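Here is a short report on one structure. It covers the ligand shell, one sheet and one loop residue.

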Amino acid sequence: MRKTRLDTDRIRAARRLIDPMFLDTPQYRCEALEPELGCAVSIKLETANPVRSFKARGTEVVASRLAAHGQPAVVCASAGNLGQALAWSGRDRGLDVTVVASRHATAAKLDRVRALGARLELVDGDHELARDRAADIARRDGVRLLEDSLDLETCEGAATIGLELVAATPAFDTVLIALGGGALATGVGHVLKELAPEVEVICVQPLGAPAMTRSWRERRVVTTDSADTIADGVAGRCPIPAVLDDLLLVADDAVLVREESIVAGLRLLLDHAGLVAEPSAALGIAAVLEDRDRFAGRHVATIVCGGNVDPAAYRRWVGAPRAGAA
Ligand SMILES: Cc1ncc(COP(=O)(O)O)c(C=O)c1O
């Protein structure tokens, strides 16, 4: 049988490099969401940490190894969460961190990158242009380029969520995972397929940014000319071939959801779970809303993987709190 690029022992070793603050995040059955969704729902909460997303699990691994090998600098492209996490992980280890992002990225994320002391370079284009620019900087300055989802540390860090998911009870039978570049889905998916193969792994992307999902369905890299979604954390256009190969081995399905469903998911998470999620983190809930019949009677787990929003945009999406919210 073909294997992913990941290795469960390496993932366990990676876990030891991560500040415990980012580990063993809350995982609980959220009954208040269940009447609206028509199935049992467990939440894995990755927003209650200093960078408000799961991405620090990976950047902790990267930064620890760079520091251990005396490598002083690193550059990455980011829609905001990876950059913020790398800035955080690099700061205390004395690393020189450069983050390249689109000028149109979520302002709150860019502000945090700067506040954490990283050098921020903005490009007049989307995330794919930021990726090109980061690669240019790495070549020019001879520093480490961190490529999210391609570099194994980013997948191994995310995969530690999988170790925690399988260790918890009660067991769930489906996991819904936001799909961007693929570090989260391939990491968690790898662990589930090894340690809990009975769990169905479903990836979720917005209809407005479907490149990786289409690639998974066609079993070849499919790029798109544009990405148009409020879920900025998953708005890539050019899937990475090696990551797609892994995803083909670990995902049972990949589904696309509408923007209205993502917004409805944000509202449900706020009104019934008391959680401020960013749009990418509501994709799992959106998938259930779009196909209640498929999930009826099942126990789904969804990773609430980030909570970095621009307050004004968030208020626009969720509107006023609903009467009767639990
Ligand atoms: C909040 C959030 N959710 C989901 C994703 C997608 O993760 P991945 O790129 O590992 O697929 C990201 C990526 O940065 C993110 O920030």
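## Ligand shell

From which domains does the shell around the ligand draw at least three residues each? Domain 1 (8-52 + 152-318) and domain 2 (56-146) each give at least three. The domain bounds come from an automatic or database domain assignment.

The model is predicted: local features need pLDDT of at least 70, side-chain atom pairs count only at pLDDT 80 or more, and totals for chains, interfaces and linings use all residues. Residues are numbered from 1 along each chain as its sequence is written.

There are 23 residues around the ligand (C-beta atom, placed from the backbone, within 6 Å of it). Asn81, Gly180, Ala183, Gly233 and Gly306 come nearest. Two elements give two or more residues to the shell: α4 (81-91) and α8 (183-195). Helices are DSSP runs of H or I with at least four residues, strands are E runs of at least two, and both are numbered from the N terminus. The largest share, three residues, comes from α8.

By class, the shell has eleven nonpolar, nine polar and three charged residues. Ala, Val, Leu, Ile, Met, Phe, Trp, Tyr, Cys and Pro count as nonpolar; Asp, Glu, Lys and Arg as charged; the others, Gly among them, as polar.

## Sheet

Six strands form an open, mixed sheet in the order β1-β2-β10-β7-β8-β9. β1 and β9 (253-257) are the edges: each has a single partner strand, so one side of each lacks a neighbour in the sheet. Pairing requires at least two DSSP bridges between two strands.

β2 (residues 40-45) and β10 (residues 299-304) run parallel over six bridges. Serine 42 has alanine 301 in β10 as its bridge partner.

## Arginine 16

Arginine 16 sits in the loop between α1 (8-15) and β1 (27-29). Arginine 16 counts as exposed because it has 11 C-beta neighbours inside 10 Å; the exposed class means 12 or fewer other C-beta atoms within 10 Å, buried means 20 or more, and partly exposed is in between. The C-alpha atoms of arginine 16 and threonine 160 are 10.0 Å apart, with their positions 144 residues apart along the chain.
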